[in-house]
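Good morning, colleagues. I should like to use these few minutes to walk through some local features of one model, element by element. Please keep the sequence and the structure in view as I speak.

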Amino acid sequence: MLCFSGNGMLHIKAGEFPIHQQKLQGFVVGFQGSNIYCLHVYAMTAVEVPQSYSMYQFLKEKQFEEAYKVACLGVTEADWSALALEALEGLNFEIAKNSFIRVRNLRYLELIHDILERKKRPEYIDDDVFLADIYAYQGKFAKAADLYEKTGNPTKALQMYSDLRMFDKAKQYMTEGDVQSARILMQKQAEWSKDSKDPAVMVDILMHAGEEEQAIDLMGKSGMHQRLIEKARNTDKADLAMLKRIAQWLGKLGQVVLAAEIYNKIGDEAGLVDLYVSNRRWQDAFKLAESNPGLHESIYLPYANMLAENDQFEEAQEAFRKAGHAEKAIEVLEILTHNAVMESRFGDAGYYFWQLSIAALGNMADYKDGSEVPDEMMKQMQDFQRRADLYYAYDSIQRYIAEPFTSHQPESLFNIARYLLHAIKDSVPMGVSKVAILYSLAKQSRNLGAFKLARHAYETLQTLRVPTAFREQIDLGAISIRSKPYSDAEDVLPLCYRCSHQAPLLNLTEPYRCTSCKQGFVYSFHSFEVLPLVEFEVENGIENEEAVGLIEDESRVGKAAGGWKEESSGGADVMNLHDNTEGQDPFTSQFMRFQAGEAFSPVVADRDMLKSMPASEVFVQQWPAPLNFRYYRNVLPEIAVSHCSHCNNFFHSDDYELLVLQKGACPFCRHKVAIGGDLEARAPFNPLDAT
Ligand SMILES: [Zn+2]
Ligand SMILES: [Zn+2]
């Protein structure tokens, strides 16, 4: 390389190439690397002259070695890059590598490294393959693709284009039935399809490659139900798997009718159920369940779960039962009960506890044959029943306290409060406020003239922690009640219908019953007044069915009064003279057979007595086995009593009929009663259809 100056111009000549000129003042005295030492008048200056021009001249001629040497004298970064790329395209990897090192281009260095590695391998044929890679790296895709194809590597072109998501171009490099290529495309497509706006191309590619399942999946994912339907029409009926796949996708796309058509065509009931369930077509699903009980579980279980998730616990419970998952129904019931208590919906809480007791009773059915029911089971059932009664009754107190008006008579509230005080004397269930009960009792006792009881209630209240809102009223009441006599009015004392003894209003020291004959009280389950019912037992050896038959046999009714009577007793026929001259039947004459202060001895009825009872006066609680039937007689038929055969509770007929008219159902167990129907229908009690 030569450098000289003259006429204010600097001339640089490299090799055989023409001279490069540039303006310069002074004389060149030295030349080293890219520095020219120049003397101008008295000053020596070093001028840096880039060697780019010379380098490009060598590059043009593809003299990479020379160009590299010139570049080493000093060129810009851009020049190095140009040299590197040219050298690479010229397949001079050594120069290219060194040049790329100068500009620290790791991407290309990697490529070169890769190419050099591949060159060492035995399958290496010619450099054109690398050139294609190089073009691809540089973004010259058309050139690269051409080269790939020329060198017999169309797959690489396809891969390149699919990497670039240029699927149309990629398709051009796909050979018919080439599964391998289709796979590659599919792979790319999987990543791409999410944000792709036109997956139709991809579906074509897949169908083209014979990947039908993937094509169907893609149609489904892209919501192309029209194409799915077309595909279904063109698919052979025997290809069940394919049709099922299409139906599944149609189902997911909400095309229930079309999907159902396919399922029906291939006779896939389980699929149909799935379709209806996942699309919440419950009515269609229920129709299926009707014709095929085997499907109950798969339909009602998800239905129940759905209901439970939507807080429709009652409906869910029923559905769980239909699905054959009684245990889940109980779980739901427990949630319901808990919620009802937490939300102070005590009427509901009572109802749910009653249902829990029925479920517990259902569990005892295994012991029908007379084997001993485990104590725990029995206790739990009884506890549920107790809570059911308690919450049901407490609902009225809660309403009385919380709401300005009450539908209950003062007598009812008075009775309910007393009933509850007796019921909670051992343990107060969650949510029940003893203060509320005592407060209601105090007020109603006072109204009804039970001053002694009112005073007791106020005194007890003063020992309890009372909400401040009540504090003043209670203190006031406690003082003013002292102006009243310390006694209870006679007419509010409960009467024992067996021995006509009047019981005290409150007796928390022993079970609340008649203090004289120890007969238990039977309450009307609305007003909680004592009903004129006396419970009796049937003589040993009389089975329930027989007893019920004898009661219903009306042939002897009214004939029992007095006179001679043929009876069989102890295996011998005897003639007895009954001295029932006052028209008392043998049943009531049994009433007085007790010794005051002794243990309770129940009234026992023999066959004859059963036969002579008017069926309308007798009520039988037909509890399912292993529980016993319980018998009651109305000893004051003028007071009409109604009995709900579902929950076995008794009511004053007036109350019951009114409540049934209002609610269309039993107020306690909510069992639907047809208005105008037989209110005292004695249908055998079956806990499992009691819902
Ligand atoms: Zn009594
Ligand atoms: Zn009922």
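Strands β2 and β3, the latter covering residues 20-23, run antiparallel and are joined by four bridges. The model, I should say at once, is a predicted one. Within this pair, Ile12 has His20 of β3 as its bridge partner. The two strands form a hairpin, with six residues between them. In that turn, Gly15 has a positive phi of about 50 degrees.

Let us stay with β2, which spans residues 9-13. Which of its residues lie on the covered face, and which on the uncovered one? Leu10 and Ile12 make up the covered face, while Met9, His11 and Lys13 belong to the uncovered face. Ile12, then, is both a residue of the covered face and the bridge partner of His20.

β2 also pairs with strand β1, residues 2-6, in the antiparallel sense, here over five bridges. Phe4 stands opposite His11 in this pairing. β1 and β2 form a hairpin as well, with two residues between the strands. Asn7 in this hairpin takes a positive phi near 55 degrees.

I turn now to the helices. Helix α1 comprises residues 52-60 and helix α2 residues 64-74. Their axes lie 8 Å apart, and the helices pack at an angle of about 170 degrees. Angles over 145 degrees count as roughly antiparallel, and α1 and α2 are therefore roughly antiparallel to each other. Which residues make the contact? From α1 they are Ser54, Met55, Phe58 and Leu59; from α2 they are Glu66, Ala67, Val70 and Ala71. Sorted by class, the contact has six nonpolar residues, one polar and one charged.

The last topic is a sheet further along the chain. It is an open sheet of four strands with mixed pairing, in the order β10-β7-β12-β11. Which strands form its edges? They are β10, residues 603-605, and β11, residues 618-621, each of which pairs on one side only. From one strand to the next, the twist averages 40 degrees. The partner of β11 is β12, residues 630-634; the two pair in the antiparallel sense over four bridges. There, Gln621 stands opposite Arg630 of β12.

That concludes my remarks, and I thank you for your attention.

Key:
Residues are numbered from 1 along each chain as its sequence is written. Chains are lettered from A and ligands numbered from 1 in the order in which they are written. This is a predicted model: local features need pLDDT of at least 70, side-chain atom pairs count only at pLDDT 80 or more; totals for chains, interfaces and linings use all residues. Axes are lines fitted to C-alpha atoms, for helices over the stretch in contact, and angles run from 0 to 180 degrees between N-to-C directions. Angles under 35 degrees count as roughly parallel, over 145 as roughly antiparallel, 65 to 115 as roughly perpendicular and the rest as oblique. Two residues are in contact if their C-beta atoms, placed from the backbone, lie within 7 Å. Ala, Val, Leu, Ile, Met, Phe, Trp, Tyr, Cys and Pro count as nonpolar, Asp, Glu, Lys and Arg as charged, and the others, Gly among them, as polar. Two strands pair if DSSP finds at least two bridges between them. A residue is buried if 20 or more other C-beta atoms lie within 10 Å of its own, exposed if 12 or fewer, and partly exposed in between; C-beta atoms are placed from the backbone.
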